[in-house]
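Biologist: Could you take me through this model and show me how its labels are earned? I would like to see the reasoning, one step at a time.

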Amino acid sequence: MATELSVLDAIATTRSIRRYRDESVPDEVLAEICFAASRAPTGSNRQNFRLIVLTNGPEASAAKKLIASGAQAAWSAKRRTDGYESGSGVDEDSPKARMARSMDTYIENLPTVPALIFPCLIRHRAPTPTEGASVYPAMQNLLLAARARGYGGVVTMWHMAVEQELAELLEIPDGVFVAATVTLGKPVGNHGPVRRQPLAHFVYDGKWGDSPAWAIDPPGTRHTSAGPRKN
Ligand SMILES: Cc1cc2nc3c(=O)[nH]c(=O)nc-3n(C[C@H](O)[C@H](O)[C@H](O)COP(=O)(O)O)c2cc1C
């Protein structure tokens, strides 16, 4: 029997996975990860989010193509505005150029991504700055559960360029906010450690800017700068 990952190990290795094997996600795995998502907290325990899960069939295929077109439009703009085509981005071996290539491949393959999930919030009042807080914990639960079962995914905003068409295609009613587009599948390659800035950068003690002496990363932690890269 496979050994279970500890919660802390799952958190430390749930990176964005954008390359998937050509394998569908079995229904029982979808059930487990959606169950994990459904256990997330919501304001006043309203449980007012839903997950639209698309794998196979005509709607899934149409939604994947639609998301691919939205992603292409958003990524082409971001490639320019975030400097992926200038500075070190012109050097093929630079981290920026590698990132750009991996995004190109990801988007090229979106029409055949194994699973597409739209976490949606059913609004009960006019939009507020905190409404996403009743959906996004569910998404992290979903990614962690996927990781625990050997799957991986990434939270994206690719639906934003095609929101209207998506609502029509999936018959999403008015008053429902599509909070993200999650792609999911069996990773090509391995899960690896999440890299962020050192803990001392995130934690303050008493007042803004003062890091506590205890803010120390576990031994062996590797770091990365916050993106997108400036040069
Ligand atoms: C609010 C939010 C929006 C994101 N939007 C996108 C997106 O549109 N496209 C994408 O490929 N990744 C997207 N991501 C994934 C981030 O780029 C990713 O989590 C970040 O670069 C850290 O990488 P890692 O998870 O591999 O450590 C998003 C993540 C969050 C939390």
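Modeller: Happy to; what follows is a short talk about one helix and a few loop residues in a predicted model.

Biologist: How do you know that the length of helix 3 agrees with its number of residues?

Modeller: Helix 3 covers residues 58–81, which is 24 residues. At 1.5 Å a residue they should span 34 Å, and the end C-alpha atoms are 35 Å apart, so the two values agree.

Biologist: Which residues of helix 3 are buried, and what do they pack against?

Modeller: Among the buried ones are Ala60, Leu66, Ile67, Trp75 and Arg79. The buried residues of helix 3 pack against strand 1, helix 4, strand 2, helix 6 and strand 5. After helix 3 comes Gly83, with a positive phi near 75 degrees.

Biologist: Why is Pro173 called exposed?

Modeller: Exposed means over 50% relative accessible area. Pro173 has 51% relative accessibility, so Pro173 counts as exposed. You will find Pro173 in the loop between helix 6 and strand 4.

Biologist: What makes Glu171 exposed?

Modeller: Its relative accessibility is 68%, and the cut-off is over 50%, so Glu171 counts as exposed. Glu171 also lies in the loop between helix 6 and strand 4, and has a positive phi of about 55 degrees although it is not a glycine.

Biologist: And why is Ser44 called exposed?

Modeller: Ser44 has a relative accessible area of 66%, and exposed means over 50%, so the label fits. Ser44 sits in the loop between helix 2 and strand 1. Its phi is positive, near 55 degrees, in a residue other than glycine.

Key. Residues numbered from 1 in each chain as written. Predicted model: local features only at pLDDT ≥ 70, side-chain atom pairs only at ≥ 80, totals over all residues. Heavy atoms only, no water. Helix = DSSP H or I, 4+ residues; strand = E, 2+ residues; numbered from the N terminus. Expected span 1.5 Å × (residues − 1). Buried < 20%, exposed > 50% of the residue type's maximum accessible area, 1.4 Å probe, protein only. Contact = heavy atoms within 4.5 Å.
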